[in-house]
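Let's take a walk through a protein model together, one stop at a time. Keep the sequence and the 3D view open as you read.

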Amino acid sequence: MKKNIEQIVFSNRQVQIINVCIKLIADGGIQNLTTKHIAEQVGVSEPALYRHFKNKLDILKAILDEFKYTSQKEIMQINNSTENSLEKLKKIFFKRIETFCIKPELSTVIFSEEIFQNEEILSEKVMEIMQLHQQMILKILIEAQEKNEVKNNIPAEHLSILIMGSLRLLVTRWRMTKFTFDLDAKSKELWNSIELLIKE
């Protein structure tokens, strides 16, 4: 986990366009993401958008790249701390919850595979993010098992699916109910149950 992570630097206008697009998708689905709507929300002409991104596909790639970089950086910072492995897993779990609490509309994009399934390059990026998260969490789980902090009689891979899948299901339910319940409170209840299940 010592490998460097590559950040793609976006201009202020590009960041504005990315955030507008996330909001448009959250409000009306991928069909709501038109150059006309983007330009209206950003306050520029449609031709002006192409000075910042080649097309809508380029914007969607940027959304995924930024999420990948930010989440990878956060996980690496937590993993490089001196805390025990179980505490690291807990912090990663709540850091992801915090991200969605701050920007709920992001969950609509990141957890909506139908947005990306017809574009191979986007599907690959989503898969890459999922595999990256699983690999990093798996490494921490293996270390936790070696230190007898979590159960050894369950494969670490299954534990990683339990943690990631539970988080994903909770956030998806929150999104499907239009963010009507307290995600932070529910995530704390969920983590307490997860910890009971996996702790040695």
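**A guided walk through the model**

Our starting point is Val20, which sits in helix H1, the helix covering residues 12–28. Keep in mind as you look that this is a predicted model. Is Val20 buried or exposed? Its relative accessibility is 14%, and because buried means under 20%, Val20 counts as buried. If we leave out residues up to four places away in sequence, Val20 touches Ile38, Gln41 and Val42. You can also pick out Pro47 from here: Val20 and Pro47 are 27 residues apart in sequence, and their C-alpha atoms are 17 Å apart in space.

Next, let's turn to a pair of helices. Helix H5 spans residues 85–102 and helix H8 spans residues 156–176. The two pack at an angle of about 20°, and their axes are 11 Å apart. How should we describe that angle? Angles under 35 degrees count as roughly parallel, so H5 and H8 are roughly parallel to each other. Their crossing is right-handed. Which residues make the contact between H5 and H8? On the H5 side they are Leu89, Phe93, Arg96, Ile97, Phe100 and Cys101, while H8 brings Ile163, Leu167, Val171 and Trp174. Sorted by class, this contact of H5 with H8 has nine nonpolar residues, one charged residue and no polar ones.

Cys101 from that contact leads us to the cysteines. How many disulfides does a search of the whole structure find? The search finds zero. Two cysteines are worth a look for their surroundings. Cys21 has 0% relative accessibility and therefore counts as buried. Cys101, at 33%, counts as partly exposed, because that label covers values between the 20% and 50% cut-offs.

Our last stop is the loops, where we look at backbone angles. Asn148 lies in the loop between helix H7 (120–146) and H8. Asn148 is not a glycine, yet it has a positive phi of about 60°. With a relative accessibility of 51%, Asn148 counts as exposed, since exposed means over 50%. Now follow the chain to the loop between H8 and helix H9 (183–198), where you will find Phe179. Phe179, too, is a residue other than glycine with a positive phi, near 60°. Is Phe179 buried, partly exposed or exposed? At 32% relative accessibility, Phe179 counts as partly exposed.

Definitions and conventions
Residues numbered from 1 in each chain as written. Predicted model: local features only at pLDDT ≥ 70, side-chain atom pairs only at ≥ 80, totals over all residues. Heavy atoms only, no water. Axes fitted to C-alpha atoms, helices over the stretch in contact; angles between N-to-C directions. Helix = DSSP H or I, 4+ residues; strand = E, 2+ residues; numbered from the N terminus. Parallel < 35°, antiparallel > 145°, perpendicular 65-115°, else oblique. Left-handed = near helix turned anticlockwise from the far one by under 90°. Contact = heavy atoms within 4.5 Å. Nonpolar A, V, L, I, M, F, W, Y, C, P; charged D, E, K, R; others polar. Disulfide = S-S within 2.5 Å. Buried < 20%, exposed > 50% of the residue type's maximum accessible area, 1.4 Å probe, protein only.
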